[in-house]
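Work through the exercises below with the sequence and the model open side by side. Each task is followed by a solution that goes step by step.

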Amino acid sequence: MYRPLGALAVLALSTSALAQTAPQTAPAAASNAELNAKLAAPLPADQAAMKAHVLFLASDSMKGREAGSPEFDIAAQYVAAQFYAAGLRPGGDAGGYLQTVPLVSYKAASKGDFVWTGRGAAQPLVFGEDYVPAANGAKAETSVSAPVVFVGYGIDAPQYGQDDYKGVDVRGKIVAYFGGSPARFGGEERAFFGSGGTKAAIAQAKGAVGVITLESPRSAKVRTFAKMAESYATPRMTWANPDGTGKVDAPGAPSLGTVSMAGAAKLFAGAKTPWTRIAKQADSDNAKFKAMPLPGTLTVATKTSFVPAASSNVVGMIPGSDPVVGKEVVVLSAHLDHIGITKPVKGDALNNGALDNAIGIASLIEEAKRFTASGQAPKRTIMFLAVTGEEKGLVGSDYFTNHPTVPLASIVADVNLDMPILTYKFEDMVVFGAERSTIGPIVQKAVAAIGVGLSPDPMPEEGIFVRSDHFRFVQKGIPAVFLWPGQKGPGKAAVAYFMANNYHKPSDDLSQPIMWDQGVRFVDANYRIAREIADGAQRPVWNAGDYFGTLYKGPMADKAVRK
């Protein structure tokens, strides 16, 4: 599961919250004999089928299924074979199950040059002390020289009465802003507006030619500027344009880099509001800033290197049977990739990704088998989509929604499966986004049918709705939801323990106490949701006035429809 909360302060808060709720002792480690006995223990056929998928996908041989790796390609072929065995028709390229996703890895190729010309002579800024450059996925060489305008958080959100650009004209300028967003924003909107991509897109829409992020006292507590400088050349990945450059959110207003508090003091010298006051304000959850031009020009030159790669989404289809709505498509998605091999933890560097997200893929395969075994073709077409590059920034799903293998207008909903934590008997379910569209009543009915209730988001501060592959469909105006087992009863401690101890760590493997019967229940709920959407009289629409539905111009319910 991807964590693109650009606001480092939010990350600090969420990490702290997890630490407070996590159990204080870890489960006793099982011996090899005990693990072998568990693997050999017989299971009912439906549970054994789920476990078999995870045994393969999360095995050491898959080396963590990193997007662009040979092992990911093997995993994709496995999923394609399972789709074939389940009776799905190919929905990828050239009559096959795979959709090729061209990737490109990019990183800063030099330390760059930042020169500030204020009221005096030109003043070169110092790498690692004043600034750290950013790689520009859209260009090998970036050169910008322009006045700088400070715009607080860099947010324009009328529904919250927040316009950080009020009173300034940033056309042809570089904008400087802090990461994150005010705590008074709702959790999902807070994460959305805290994203660097969202901020850059706003800046581009207002005519800016570049953006820089300012270090704040809060972000410095989470990650020091020295640590940031050490990792300035860490590669990033996106999907590739035909010319070999990468797709970025705002190519017209690229991120130029991050300026430290020491560097910011130089940029703000002589400004209407001194940096000391700005920095003090930034050390607050709900800081309010007034936009202002800074007295000088920033000249930036950076270089970016590119390395091409390739991966695949896996696409299987069940054609709709209805002559009217049969061409409409309901997408069921899950990400196949994980994070590969990283820095060792207790001597183990291989991240197997059992719960994140081999078990989501296993659920997707078993759900497909339920549809074909039912003998009842769905009225709408159902697409089963296993995507690559989620861990790289929702890359595979972004590529698919920009290069769909069916007409984009035909896709009416997405139901996403990402990292269900199935180490306990769940007593409720959480469906992120359920309250935003007419999918809400459908999921309410489905979870009731398996004997559990639907609970509200237990972690609103995490903004999970904007952080997995379903959000790429939302960005095309398509109603979408993301399901998790809930946190009633033993759920809260189990989720907290996983997030604190196993999330994105080598210990997310088959040694965890995965309850395969709960996997079957999870598949059952997902099947019921997908079946109801596929066979429903009406396609899903956004609830009247929903923020994301309105922002991305999706189909909207009549105002008379209640949420």
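**Exercise 1. Identify which residues of helix 5 are buried, and state how many they are.**

Solution. In helix 5, the buried residues are Gly187, Glu188, Glu189, Arg190, Ala191, Phe192, Phe193 and Gly194, where buried means under 20% relative accessible area, exposed means over 50%, and partly exposed lies in between, with a 1.4 Å probe and protein chains only. Helix 5 spans residues 187–194, and 8 of its 8 residues are buried. Helices here are DSSP runs of H or I with at least four residues, strands are runs of E with at least two, and both are numbered from the N terminus.

Before going on, note that this is a predicted model, in which local features need pLDDT of at least 70 and side-chain atom pairs count only at pLDDT 80 or more, while totals for chains, interfaces and linings use all residues. Residues are numbered from 1 along each chain as its sequence is written, and side-chain values use heavy atoms, with hydrogens and water left out.

**Exercise 2. Describe how helix 3 packs against helix 11, and list the residues that meet.**

Solution. Begin with the geometry: helix 3 (residues 45–57) and helix 11 (residues 354–374) have axes 9 Å apart and pack at an angle of about 135 degrees. The axes are lines fitted to C-alpha atoms, for helices over the stretch in contact, and angles run from 0 to 180 degrees between N-to-C directions. Helix 3 is therefore oblique to helix 11, since angles under 35 degrees count as roughly parallel, over 145 as roughly antiparallel, 65 to 115 as roughly perpendicular and the rest as oblique.

Next, take the two sides of the contact, which means heavy atoms within 4.5 Å. Helix 3 contributes Ala49, Met50, His53, Val54 and Leu57, and these meet Ala354, Ala358, Ile359, Ile361, Ala362, Ser363, Ile365, Glu366 and Lys369 of helix 11. By class, the residues of this contact of helix 3 with helix 11 are 10 nonpolar, 2 polar and 2 charged; Ala, Val, Leu, Ile, Met, Phe, Trp, Tyr, Cys and Pro count as nonpolar, Asp, Glu, Lys and Arg as charged, and the others, Gly among them, as polar.

Finally, look for a backbone feature in helix 11, where Asn357 lies: a cis peptide bond joins Asp356 and Asn357, with omega about 5 degrees.

**Exercise 3. Determine how helix 3 is oriented to helix 16, and describe the contact.**

Solution. The axes of helix 3 and helix 16 cross at roughly 100 degrees and come within 9 Å. Helix 3 is therefore roughly perpendicular to helix 16. On the helix 3 side the contact is made by Asp46, Gln47, Met50, Lys51 and Val54, and on the helix 16 side by Trp516, Asp517, Gly519, Val520 and Val523. The residues of the contact of helix 3 with helix 16 divide into 5 nonpolar, 2 polar and 3 charged.

Then turn to helix 16 (residues 516–535) itself, which has 20 residues and reaches 28 Å from its first C-alpha to its last, close to the 28 Å expected at 1.5 Å a residue; the expected span is 1.5 Å times one less than the number of residues. Helix 16 is mostly covered, with 17 of its 20 residues buried.

**Exercise 4. Locate Gly152 and Gly91, and find which residues each touches.**

Solution. Gly152 lies in the loop between strand 6 (141–150) and strand 7 (156–157), and its relative accessible area of 1% makes Gly152 buried. Not counting residues up to four places away in sequence, Gly152 touches Asp164, Ala176, Tyr177, Phe178 and Phe289. Along the chain, Gly152 and Lys290 are 138 residues apart, yet their C-alpha atoms are separated by 6.8 Å.

Gly91 lies in the loop between strand 1 (89–90) and strand 2, and is buried with a relative accessible area of 11%. Leaving aside neighbours within four places in sequence, Gly91 is in contact with Gly96, Tyr97, Val315, Gly316, Met317 and Thr405.

**Exercise 5. For Arg65 and Lys553, give the phi angle and decide whether each residue is buried or exposed.**

Solution. Arg65, in the loop between helix 3 and helix 4 (70–85), has a positive phi of about 50 degrees although it is not a glycine. At 0% relative accessibility, Arg65 counts as buried.

Lys553, in the segment after helix 17 (547–551), has a phi near 55 degrees, a positive value in a residue other than glycine. With a relative accessible area of 73%, Lys553 is exposed.
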